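This report is meant for a reader who is meeting the structure for the first time. It goes through a sheet, an interface and some individual residues in turn.

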Amino acid sequence: MVNSTKKNLKVKRKKTGRSVKGSYTNLPGKEELIELYKQMLLIRRFEEKAGQLYGMGSIGGFCHLYIGQEAVVVGMQSVSIDGDSVITSYRDHGHMLACGMDPKGVMAELTGRESGYSKGKGGSMHMFSKEKNFFGGHGIVGAQVPIGVGLAFSHNYKQDGFVCMTYLGDGAVNQGQVYESFNMSALWKLPVVFVIENNKYGMGTSVTRASAGKSLAERGKAYGIPGLEVDGMNIFSVRDAGKKALDYARKGKGPFILEMKTYRYRGHSMSDPAKYRTRSEVDAVRQQKDCIENLKEILQEQKITDDHLKKIDSEIKSNVSVASDFALDSSLPDKKELLTDIYI
Amino acid sequence: MSTIKMPALSPTMTVGTISKWLVSEGDEVVSGDILAEIETDKATMELEAIDDGEVSEILVQAGVQNISVGTPIIVIGNENNSEKISNVVKQVQSGNEKIETVNSDKITISVREALRDAMAEEMRLDEDIFIMGEEVAEYQGAYKVTQGLLEEFGEKRVIDTPITEQGFAGLGVGAAFGGLKPIIEFMTFNFSMQAIDQIINSAAKTLYMSGGQMGCPIVFRGPNGAASRVAAQHSQCFASWYAHCPGLKVVSPWSASDAKGLLKASIRDPNPVIFLENELLYGEKFEIDNENEIVPIGVGNIVSEGNDVTVVAFSIMVGKALNATKKLAENGISVEVIDLRTIKPLDIDLIIESVKKTNRLVICEEGFPFSGIGSEIIAQVQEYAFDWLDAPIKRVTGQDVPLPYAENLEKLALPQEEDIVNAVLHILNEVK
């Protein structure tokens, strides 16, 4: 069964004319490839577990899964340097894991426990780690964008040589404050890379029904901000574009926009039945463009054995189980936490 | 002949100074020529000739301070009654000089200067502090509050923004997360409504949402409340709006000492602080006791002691309450006036203590009455000092209407001294 599916996949790939291997002359070394694979897989398995825990009632409220989009944040993070800051909106679990935050602390926060990154007071959409330069986790569409420009402002003010990667979705690109941010960051040449994760739907509205113009990458044109459309399902395209953009910003040339063409397999949030798109649309992307499956094939071509891959898989699964057990074994926050952390 | 009078060049200008005459007596001028540079409460403006003619007499010399709007300053065209005009001007000038020389042995500064000095002193101490806002740098501040800061601290730390409140408020929040200490000026707090999501959702809540990891040391400051005839969209008190939200501190000083001491404290505070100034107070001068004093946030001040009634006020209403107090004293009524200085955290203990002494309370605020600061104080006072009250608590507030433009209606909409006098008399009669 597994084998035959694989065969089909290969045939479909040929049909679409895509050849993952052929597109890249400068593949990273084996070790790095494995590391990228592990990170994407961790996010995938972590999110699947989060989906399960949501179904069991252990995670409440809004929960937005990153499944399908893993190549974007893992790719970007892999070409950034320690000290670069990251900010995003509420589909943030993947970003946190890619920033090196502990899956245990993230899962504990999702389940509202005292051992969570925000002591259980933030939840899925509001998590932070100053230590890992992850600045949230913001629940209001687009509001993270000026804050990201502020982080870039502080990098510039301190001349510390770091760049802020400010992630936003295709839904956020129509918020006014995004253009206020484009303007100021271009005016003052701030070191910021705007990473637009275009997963085709802003909640339930497709990009074509919400956004005028052909390309989101061109949304900064009026401000002189260069933009690139990137195959966000392909981690190597992400890395190539990411390097270029980060390098540009780090050199003091100002902001850069990357439109990552990506796709989320799950609904907008856990409660979204996703009736606005067909099952076959989702399946087609999964089968033809899945970032993890693509990388897996490359690893196989690089003579990484099936045993090795299986070992990685079980390692990741076990890490996720550990995180989930840790979360569920953790206590709820103490009652007195209600009234702490309002003022310093 | 035409006599040109000191013009009103801004909504709040009551006096001006001729910084320079560009014409001399005997010069021929034509309509459109610039006659003088006049310093207003906000900027230096050019005064143009409206008619052609010869400058027959300059009535007020350059450099004379505080010439009231409406005072004749120059005569164009020959006329023999100019002598008379000169005399009038001299009288006005000597009147002004008198005001200026009162208490000249003490340090007297305007609220505007106090605010500027507070920022400058703190910026000298801490490189991470910067100020950002519309017209704060090259223009020297729309209300001249940031005058001289660009020159001293340079464009890295004194930054003109585009007109983009939500954007630069959010940028400030991000810079604070990134380790800096921003002072964000709103040209007026009315424009902060464009940015209110960033102030509340991003600045105020993040410390809590991050489990204490991410504080936001930022000051949002600017003029609040009614100015003068600028109508509904530019005249509103935001004390109650911001005080409603956990995570924010809200400060609203009246005197120059408090403006300075509290702004210094706000800049040093690790939390987001909403610092509500008042345009009409910017030019008001106060004696300063101790130039270097830091006034702690959250501590009210008894500005006038009394026994019969407690009057609580903040910002511009403190001055009105003090004037009302003087009138009431003439009738033998002794009023204790509390200047809240900070709205949140509220110094409720000071109010309770005073109410226990006077047993009567009047609360003044310029904002709308519904869910106002007065409403909150009433709730707390009835909870903690119900048995000490001898009369229902009375509020003196703005009317529950958008602020009208017409002079008479504007006056009716805003709380006046007489309203405070009447409120005090009212609750004293209640107990008889």
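## Strand 10 and its partners

In this predicted model, strand 10 of chain B runs parallel to strand 11 of chain B and is joined to strand 11 by three bridges. Within that pairing, Ile131(B) stands opposite Val158(B) of strand 11 of chain B. Strand 10 of chain B is also joined to strand 12 of chain B, again in the parallel sense, and here five bridges link the two strands. In this second pairing, Gly133(B) is the residue that stands opposite Glu185(B) of strand 12 of chain B.

How many of the five residues of strand 10 of chain B are buried? Five of the five are, and the strand is accordingly described as mostly covered. In a regular strand, side chains alternate between the two faces of the sheet. On strand 10 of chain B both faces are covered, with Ile129(B), Ile131(B) and Gly133(B) buried on one side and Phe130(B) and Met132(B) buried on the other.

## The seven-stranded sheet

These pairings belong to an open sheet of seven strands in chain B, whose order is 11-10-12-13-15-14-20 and whose pairing is mixed. Strand 11 (158–160) and strand 20 (342–344) of chain B stand at the edges and have a single partner strand each, so one side of each is left without a neighbour in the sheet. From one strand to the next, the twist averages 20°.

Further along the order, strand 13 (residues 219–223) and strand 15 (residues 273–277) of chain B pair in the parallel sense over five bridges. Pro223(B) there stands opposite Glu277(B) of strand 15 of chain B. Helix 8 (residues 256–268) of chain B lies across several strands, including strand 10, strand 12 and strand 13 of chain B, and runs at about 160° to strand 15 of chain B.

## Pro272(B), between helix and strand

The loop between helix 8 and strand 15 of chain B is the place of Pro272(B). With a relative accessible area of 3%, Pro272(B) is buried, because the cut-off for a buried residue is under 20%. Leaving aside neighbours within four places in sequence, Pro272(B) is in contact with seven residues listed by name, namely Ala203(B), Ala204(B), Cys216(B), Ile218(B), Gly247(B), Leu248(B) and Lys249(B). Lys156(B), which is 116 residues away along the chain, has its C-alpha atom separated from that of Pro272(B) by 22 Å.

## Where chain B meets chain A

The size of an interface is often given as the accessible area lost when the parts come together. Chain B and chain A bury about 3,300 Å² between them, and 64% of this is on carbon and sulfur atoms. On the side of chain B, Tyr208(B), Met209(B) and Gln213(B) lose the most area to chain A, together 20% of what that side buries. The contact takes 47 residues from chain B and 35 residues from chain A.

Between chain B and chain A the count is 21 residue pairs in polar contact, whereas the rule for salt bridges finds zero across the interface. At least two residues each of the side of chain B that touches chain A are supplied by strand 10, strand 11, helix 4 (165–177), helix 5 (196–204) and helix 6 (206–209) of chain B. The largest share of that side, 10 residues, comes from helix 4 of chain B.

Thr164(B) lies in the loop between strand 11 and helix 4 of chain B. Apart from neighbours within four places in sequence, Thr164(B) is in contact with Glu180(A) and Met184(A) as well as with Glu134(B). Thr164(B) is buried, with a relative accessible area of 5%.

## Backbone details in loops

Two residues that are not glycines have a positive phi: Gln159(A), at about 50°, and Lys144(B), at about 65°. Gln159(A) lies in the loop between helix 6 (144–158) and strand 3 (164–169) of chain A, and at 62% relative accessibility Gln159(A) counts as exposed. Lys144(B), found in the loop between strand 10 and helix 3 (149–153) of chain B, counts as buried at 10% relative accessibility.

A further detail concerns the peptide bond from Lys344(B) to Pro345(B), which is cis, with omega near 0°. Pro345(B) lies in the loop between strand 20 and helix 10 (348–358) of chain B.

Terms used. Residues are numbered from 1 along each chain as its sequence is written. Chains are lettered from A and ligands numbered from 1 in the order in which they are written. This is a predicted model: local features need pLDDT of at least 70, side-chain atom pairs count only at pLDDT 80 or more; totals for chains, interfaces and linings use all residues. Side-chain values use heavy atoms; hydrogens and water are left out. Two strands pair if DSSP finds at least two bridges between them. Helices (H or I, at least four residues) and strands (E, at least two) are DSSP runs, numbered from the N terminus. Axes are lines fitted to C-alpha atoms, for helices over the stretch in contact, and angles run from 0 to 180 degrees between N-to-C directions. Contact means heavy atoms within 4.5 Å. Buried means under 20% relative accessible area, exposed over 50%, partly exposed in between (1.4 Å probe, protein chains only). Buried area is the accessible area (1.4 Å probe) that two parts lose on being put together, summed over both. A salt bridge is a side-chain nitrogen of Lys or Arg within 4 Å of a carboxyl oxygen of Asp or Glu. A polar contact is a pair of N or O atoms within 3.5 Å; within protein, one must be able to donate a hydrogen and the other to accept it, and residues adjacent in sequence count only if both atoms are side-chain atoms.
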